Amino acid sequence: MKQLLLFALLLAVISLHGQESLLIRPTFQGNSLVLGTPYELANGDTLEIHKLRFYLSDVQVFRGEELLSRGVKKHILLDASKPESLAIILDRPIKGGADRIQFLLGVDSLTSVAGATGGDLDPSQGMYWTWQSGYIHFKLEGTASSSKARKGRFMYHLGGYEGPYAAQRTISLSFLSSQSAQINLSIDKWLAGIDIGQTAQVMSPGKLSSQLADQLASCLDASKKSP
Amino acid sequence: MKYLLSLLGSILLGFTMVQLLPYDVPSHFPKPLYEFAEGSLEETKVQLGRALFYDPLLSKDGTISCASCHSSYNGFAHTDHDLSHGIHDIIGRRNAPALFNLAWQGSFMWDGAVNHLDMQALAPLHDSTEMASDINLVIERLKVHPTYPSFFQKAFGDGEITGMKVLKAFSQFQLSLTSWNAKYDKVKAGEDTFSPQEEAGYQLFQRHCNSCHTEPLFSSYEFANNGLPIDKDLQDMGRYGITGNPVDSLVFKIPSLRNLSYTYPYMHDGRFEKLWEVMNHYAKGVLPSSTLSPELKGGIPLSSREKVDLIAFLKTLDDKEFVFDKRHQFPRDFFFSQNQNNQK
């Protein structure tokens, strides 16, 4: 029994020592996004974000072509309402000249057709479409004064894993310095590309959701360490 | 170290010891598409899935179960309704399909909206015209239920109830619904012979039907437009609604021809009650369109005699052993012992 305890302790120490986390930071107008806070946009629109959830898959950190570290979990569900979910746990520390991070924003097509899975991919997470198979890669919901939908709501669910409207995106970002182990996702920049008054809902794969996924890719950066 | 290893070993064994059910696929069948985690079915998971399949707690108001539309006596289709009925007697837009040989199917629903058997149950569970429920609602109800938590413990080695486990249990039960004991199968195994009329029907089948309703499953499980005029009320465009691709307009999943005596009415909207009507459709009712299956251009020329022969052959695909198999029926023991527990 003693041996078993020792073994377990050793395992715990090894795994803790080898881990480092990488923070994904959703931002709004340059500051960390706060859910439920009214923001005023340049066009006079007032807007609140209520829900922000998305998947990252196959997180990999490189120095040149050398793979330094990868996400401990293959698929990670990030949820702005759960700060701990925004820290990606890596299998090895990435100090030592890491210059690039790569990941899939969303869930890959192979996993999308592989049947029921647990944990972050469990369909009870509310990130799976039931009327047409597939994960919701990215979900943003809130209210805006410009929305013509009921109660001023807007809902953007980007999904679809195959064909011309697949919405998962491979993202590669350069680090400016090895210190900036943080990735910013600018929500206001993304929303600037959507006319909420015209389109308050995107909830199926199509041209628009695919376009919005492209725009999302350009709202991520790892180049500066934000305050 | 040796001691430690044996300890770990016995813990692992304790967790992985499962009673496997044989999945003795007959030699004239291809290999299943479904990837079994344990290489076969697991008895306790099948029984858990069976209990869930017959349990109305799944639906929002606790009134209907999967079996409400998928009756074991009808090959797990429904013979009274052309379109499926949901909670509050809401009538749906499609005919509940028969459930068997699901391990050979790569997509589900008449329009192929679902890409894996595991995920299929989510569709009727959440559809507002069917069970109008939610996987999280089901999990909450199961967690506080007197018998399900220990059932999950037994089936999965730990008692936590998750969406994945509910779905895996459903798959296990549905995978146990295999139909391969029809007269046709016995003929293939050399244990029986076709009558001259059945043999004549078989020849016709091979000439006219086999390209879509491919032996031995009697479906390629692909999609096709079989020339049905659109129902003006339903305006169902089939697979086009999923892919948005014009080539999928009026295209539906090809159903198996096994167990037709039990699974009427036929077609995605249940428009035909009798096999005669189906024969007449293919003989002279096929509507030309740009997406019509090329095999059906001009219809299938069938004389009255040939229709009779073809139907005689189709009846050899009825699998009584499957349709009346007690192992697939309402699990009395589970629901009755549960009542006794509640009364204590």
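Let's start at a glycine: A:G115 has a relative accessibility of 2%, so it counts as buried. Keep in mind as you look around that this is a predicted model. You'll find A:G115 in the loop of chain A that runs between α2 (109-112) and β9. A second glycine, A:G152, sits 37 residues away from A:G115 along the chain, and the C-alpha atoms of the two are separated by 36 Å.

Strand β9 of chain A, where that loop ends, is a good place to go next, as it brings us to the aromatic residues. In general, you describe a pair of aromatic rings by how far apart the centres are and by the angle of the planes. Over all chains there are 37 aromatic pairs. Take A:F138 and A:W190: their ring centres are 5.1 Å apart and their planes stand at 70°, and because an angle over 60 degrees counts as edge-to-face, that is what this pair is. The two residues come from distant parts of the chain, with A:F138 in strand β9 (residues 136-144) and A:W190 in helix α3 (residues 187-191), 52 residues apart. Are these two partners buried or exposed? A:F138 has 2% relative accessibility, so it is buried, and A:W190, at 1%, is buried as well.

Chain B has an edge-to-face pair too, made by B:F334 and B:F335, with 5.0 Å from centre to centre and 85° between the planes. Both of these phenylalanines are buried. They also belong to an aromatic cluster, whose members include B:F53, B:Y54, B:F76, B:Y148 and B:F151 as well as B:F334 and B:F335. One ring of that cluster, B:F151, has a lysine over its face: B:K154, at 5.8 Å from the ring centre. Elsewhere in chain B, B:K253 lies over the face of B:F108, at 5.0 Å from the ring centre.

Now for the helices. Back in chain A, helix α4 spans residues 207-217, and its buried residues are A:S209, A:S210, A:L212, A:A213 and A:L216. Why do they end up on the same side of α4(A)? The reason is that they cover an arc of only 160° around the axis.

In chain B, look at helix α2 (residues 43-53) and helix α6 (residues 148-156). Two packed helices are described by the angle between their axes and by the distance between those axes. Here the axes come within 8 Å and cross at roughly 150°. Angles over 145 degrees count as roughly antiparallel, so that is how α2(B) runs relative to α6(B). The crossing of α2(B) past α6(B) is left-handed. How many of the eleven residues of α2(B) are buried? Eight of them are, which leaves this helix mostly covered. Among the buried ones are B:K45 and B:R50, along with B:V46, B:L48 and B:F53. You have already met B:F53 as a member of the aromatic cluster.

A second helix pair in chain B is α11 (residues 275-285) with α12 (residues 304-315), which pack at an angle of about 125° with their axes 11 Å apart. At that angle, α11(B) and α12(B) are therefore oblique to each other. In this case α11(B) passes α12(B) in a right-handed crossing.

Finally, a few backbone details in the loops. Between α9 (196-208) and β3 (223-224) of chain B sits B:P216, and the peptide bond leading into it from B:E215 is cis, with omega near -5°. The loop between α9 and β3 also holds B:Y221, which has a positive phi of about 55° although it is not a glycine. With a relative accessible area of 10%, B:Y221 is buried. Another cis peptide bond joins B:Y264 and B:P265, with omega about -5°; B:P265 lies in the loop between β4 (252-253) and α11 of chain B.

Chain A offers a positive phi as well: A:Q29 has one of about 50° although it is not a glycine. A:Q29 is in the loop between β1 (20-28) and β2 (31-32) of chain A. Its relative accessibility is 40%, so A:Q29 counts as partly exposed.

Notes: Residues are numbered from 1 along each chain as its sequence is written. Chains are lettered from A and ligands numbered from 1 in the order in which they are written. This is a predicted model: local features need pLDDT of at least 70, side-chain atom pairs count only at pLDDT 80 or more; totals for chains, interfaces and linings use all residues. Side-chain values use heavy atoms; hydrogens and water are left out. Rings of Phe, Tyr and Trp (its six-membered ring) pair if their centres lie within 6.5 Å; planes under 30 degrees apart count as stacked, over 60 as edge-to-face and the rest as tilted. Helices (H or I, at least four residues) and strands (E, at least two) are DSSP runs, numbered from the N terminus. Buried means under 20% relative accessible area, exposed over 50%, partly exposed in between (1.4 Å probe, protein chains only). A charge sits over a ring if NZ of Lys or CZ of Arg is within 6 Å of the ring centre and within 35 degrees of the ring normal. The arc is that of the directions from the helix axis to the C-beta atoms. Axes are lines fitted to C-alpha atoms, for helices over the stretch in contact, and angles run from 0 to 180 degrees between N-to-C directions. Angles under 35 degrees count as roughly parallel, over 145 as roughly antiparallel, 65 to 115 as roughly perpendicular and the rest as oblique. A crossing is left-handed if the near helix is turned anticlockwise from the far one by less than a right angle, and right-handed if clockwise.
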